Amino acid sequence: NLLRQLRLLNSVVFPIQYNDGFYKVVIQERNLCALAFVGDECVGAICCRREQTGERAEADERVYVMTLGVLAPYRRLQIGTRLLRHLLDSVGPTRDVCLHVQTSNVQALRFYVKSGFLVEETVAGYYKNNRGVIPPDAYFLRR
């Protein structure tokens, strides 16, 4: 089952244990999520959700990247780039896309900046409720 494979991938790639609420959003927003496979193995995924930023329905909607991860042996093979490109192509060039990146994750920050995202702010303590995530600070990026 695809959800089970996504749970396994996330448990390996991310220092955060995602709860059932996260996966409920994944199911609701399935058109904003994509998995990458090599053979039968899920090696990467992008999971996003829509967020309202105002009162004008779709006009004030942005897409938030909840997770984008690739198993370590498959990094630098353009899998993450293809997953992100798939998302950007599907939402269109005028849609805001944003995300948070842990301040110590230099590799991810470099990837997103190279992909056209800009750091808008540093959010102190963004990951403070996630034990083991040190430092708990994150950058907020937007494209």
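Which residues line the second largest pocket? In this predicted model, where residues are numbered from 1 along each chain as its sequence is written, the lining consists of Leu-2, Leu-3, Leu-6, Val-26, Ile-27, Arg-30, Cys-33, Ala-34 and Leu-35. A pocket here is an open set of points, on a 1 Å grid over the protein atoms alone, where a 1.4 Å probe fits, with protein on both sides within 12 Å along at least five of seven lines, and lining residues have an atom within 4 Å of a point. The elements that give two or more residues to this lining are α1 (2-13), α2 and β1; helices (H or I, at least four residues) and strands (E, at least two) are DSSP runs, numbered from the N terminus. By class, the lining has 8 nonpolar, no polar and 1 charged residues, with Ala, Val, Leu, Ile, Met, Phe, Trp, Tyr, Cys and Pro counted as nonpolar, Asp, Glu, Lys and Arg as charged, and the others, Gly among them, as polar. The space in the second largest pocket comes to about 190 Å³, a volume being the space filled by probe spheres set on grid points that are joined across faces, edges and corners. As the model is predicted, local features need pLDDT of at least 70 and side-chain atom pairs count only at pLDDT 80 or more, while totals for chains, interfaces and linings use all residues; side-chain values use heavy atoms, with hydrogens and water left out.

The sheet offers a good frame for the rest of the picture. It is open, built from 6 strands in the order β1-β2-β3-β4-β6-β5, with mixed pairing; two strands pair if DSSP finds at least two bridges between them. Because β1 (33-38) and β5 (118-123) stand at the edges with a single partner strand each, one side of each is left without a neighbour in the sheet. On average, neighbouring strands are turned by 25° against each other, direction ignored. Strand β6 (residues 138-142) runs antiparallel to β5, to which 5 bridges join it, and β4 and β6 are likewise antiparallel and joined by 5 bridges. Arg-142 in β6 stands opposite Cys-98 and is also the bridge partner of Leu-118. Another β6 residue, Ala-138, is the bridge partner of Val-123.

Two helices lie across the sheet strands. Helix α2 (residues 20-28) crosses β1, β2 (41-52) and β3 (61-70), and runs at about 115° to β3. Helix α3 (residues 79-91) lies across β1, β2, β3 and β4 (96-102), at about 165° to β3. For these angles, axes are lines fitted to C-alpha atoms, for helices over the stretch in contact, and the values run from 0 to 180 degrees between N-to-C directions.

Several residues of β2 and β3 show how these elements meet. Cys-48, in strand β2, is buried, with a relative accessible area of 0% (buried means under 20% relative accessible area, with a 1.4 Å probe and protein chains only). Beyond its neighbours within four places in sequence, Cys-48 is in contact (heavy atoms within 4.5 Å) with residues including Glu-29, Cys-33, Val-65 and Leu-87. The C-alpha atoms of Cys-48 and Leu-87 are separated by 8.7 Å, although the two are 39 residues apart along the chain. Ile-46 also belongs to β2 and is buried at a relative accessible area of 1%. Among the residues that Ile-46 touches, leaving out those up to four places away in sequence, are Ala-34, Thr-67, Leu-83 and Leu-84.

Thr-67 is found in strand β3 and counts as buried at 3% relative accessibility. Its contacts, again not counting residues up to four places away in sequence, are Phe-14, Tyr-18, Phe-22, Ala-45, Ile-46 and Cys-47. Glu-61, also placed in β3, counts as buried at 16% relative accessibility. Outside its neighbours within four places in sequence, Glu-61 is in contact with Arg-50, Glu-51, Gln-52, Thr-53 and Arg-95.

The largest pocket has a volume of about 1300 Å³. Of the 41 residues that line it, Phe-14, Leu-68, Asn-105, Ala-108 and Tyr-112 are the closest to its centre. Two or more lining residues come from each of α2, β3, α3, β4 and α4 (106-114), and β3 gives the largest share, 7 residues. The lining divides into 23 nonpolar, 13 polar and 5 charged residues.

Notes:
Buried < 20%, exposed > 50% of the residue type's maximum accessible area, 1.4 Å probe, protein only.
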